[in-house]
Amino acid sequence: MGVPTLGCMCAVCHSTDPHNNRMRSSIALRYADAGSTQRTVLIDTGQEFRMQALRFGVNSVDAVLYTHGHADHVLGFDDLRPLTFGKDANLPLYADDSTADVIEQIFSYTFDKANRYPTSARVDLHRLSSEPGTTVDLFGATVERVPVQHGRQVIAGYRFGRAAYLTDMSDLSERSYESLQGLDIVILDALRREPHPSHSHLDKSVAIAQRIGAKRTYFTHISHDLDHGPTEAELPEGIHLAYDGLRLPFRIHEVAQ
Ligand SMILES: [Zn+2]
Ligand SMILES: [Zn+2]
Ligand SMILES: [Zn+2]
């Protein structure tokens, strides 16, 4: 819901610590392709995509990977428009069938072949298989779709080189744990302290992080339940709370251990 949460009077929602100011979850991957051109690949475009792009200097986008079709992950789609104008090619989007269906339905004026709104986003929506092990090559980097349990749904996490992003996760299959071996960085859902039907909670996320065994873990999709400073102080070594604007260096290519 974002922090501050509308209508809430709690201490975290009124905190003066900027780490407690949380827009909806998404990340941008930045890396150089084979021709040394800097590329930006987004994972999700939530309601605040425009504000995030302005605040953190996302001036161009080369591709977008979507995790699932919930509002907090897709509703910023339309603000991609100005970043798609005047380009040689349409902006490629990648989503599994159920997510692509939601995007096409909400933004039907963009995808309607007979009656497309003339200045809608210039995008090509590519449908990704939901089978474990599905990969997509983006500008010389291989991104693997890692299936993630999100309540009753199975949605997409993504692994890119030695890092992975698993937002909106309540559990992981054995097969997905296999896909997450040898990571330097994993970014995991940890919504709050109490269990939730479709999101992992703090203790469970710590256990999942320890099983994945990445060198460093960052929790995301954090509600107003978690006060940044005190929560950060109680987490085991190598496990941290992420925050808006956090920048993490990672290897986009697999390197032998
Ligand atoms: Zn609150
Ligand atoms: Zn969700
Ligand atoms: Zn979400």
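Author: A residue is called buried under 20% relative accessible area, exposed over 50% and partly exposed in between, using a 1.4 Å probe and protein chains only. This is a predicted model, in which local features need pLDDT of at least 70, side-chain atom pairs count only at pLDDT 80 or more, and totals for chains, interfaces and linings use all residues. Residues are numbered from 1 along each chain as its sequence is written, chains are lettered from A and ligands numbered from 1 in the order in which they are written, and side-chain values use heavy atoms, leaving out hydrogens and water.

Reader: Is histidine 224, a donor of the zinc ion (ligand 1), buried or exposed, or in between?

Author: Histidine 224 lies in the loop between β11 (216-220) and α8 (228-234), 214 residues from cysteine 10, which belongs to the segment before β1 (27-32). Cysteine 10 has a relative accessible area of 24% and is therefore partly exposed. Because its relative accessible area is 27%, histidine 224 is likewise classed as partly exposed.

Reader: What is the arrangement of the 4 donor atoms around the zinc ion (ligand 1)?

Author: Donors are N, O and S atoms within 2.8 Å of the metal (3.2 Å for Na, K and Ca), and sites may look incomplete since water is not among the atoms. Here they come from Cys8, Cys10, Cys13 and His224, at 2.0 to 2.3 Å. Four donors count as tetrahedral if all angles lie between 85 and 135 degrees; four count as square planar and six as octahedral if opposite donors are over 155 degrees apart and all others between 65 and 115; anything else is irregular. The angles around the zinc ion (ligand 1) run from 101 to 116 degrees, so the arrangement is tetrahedral.

Reader: Which residue bridges the zinc ion (ligand 2) and the zinc ion (ligand 3)?

Author: The zinc ion (ligand 2) is coordinated by His68, His70, His150 and Asp168 at 2.2 to 2.3 Å. Asp72, His73, Asp168 and His221 coordinate the zinc ion (ligand 3) at 2.1 to 2.2 Å. The two ions lie 3.5 Å apart, and the bridge between them is aspartate 168.

Reader: What are the angles among the donor atoms of the zinc ion (ligand 2)?

Author: The donor residues of this ion follow the spacing H-x1-H-x79-H-x17-D. Histidine 68, in the loop between β3 (63-65) and α2 (71-74), is 82 residues from histidine 150 in strand β7 (residues 141-150), and both are buried. The site of the zinc ion (ligand 2) is irregular, with angles of 86 to 167 degrees.

Reader: What is the relative accessibility of histidine 73?

Author: Histidine 73 is a donor of the zinc ion (ligand 3), whose site is irregular, with angles of 92 to 160 degrees. Aspartate 72 counts as buried because its relative accessibility is 15%. Histidine 73 also counts as buried, because its relative accessibility is 0%.

Reader: Which strands stand at the edges of the open sheet?

Author: Strands (E, at least two residues) and helices (H or I, at least four) are DSSP runs numbered from the N terminus, and two strands pair if DSSP finds at least two bridges between them. The open sheet holds 5 strands in the order β1-β2-β3-β4-β5, with mixed pairing. One side lacks a neighbour in the sheet for each edge strand, because each has a single partner; these strands are β1 and β5 (123-128).

Reader: In β4, which residue is the bridge partner of valine 64?

Author: β3 and strand β4 (residues 91-96) pair in the parallel sense over 2 bridges. In β4, the partner of valine 64 is leucine 93.
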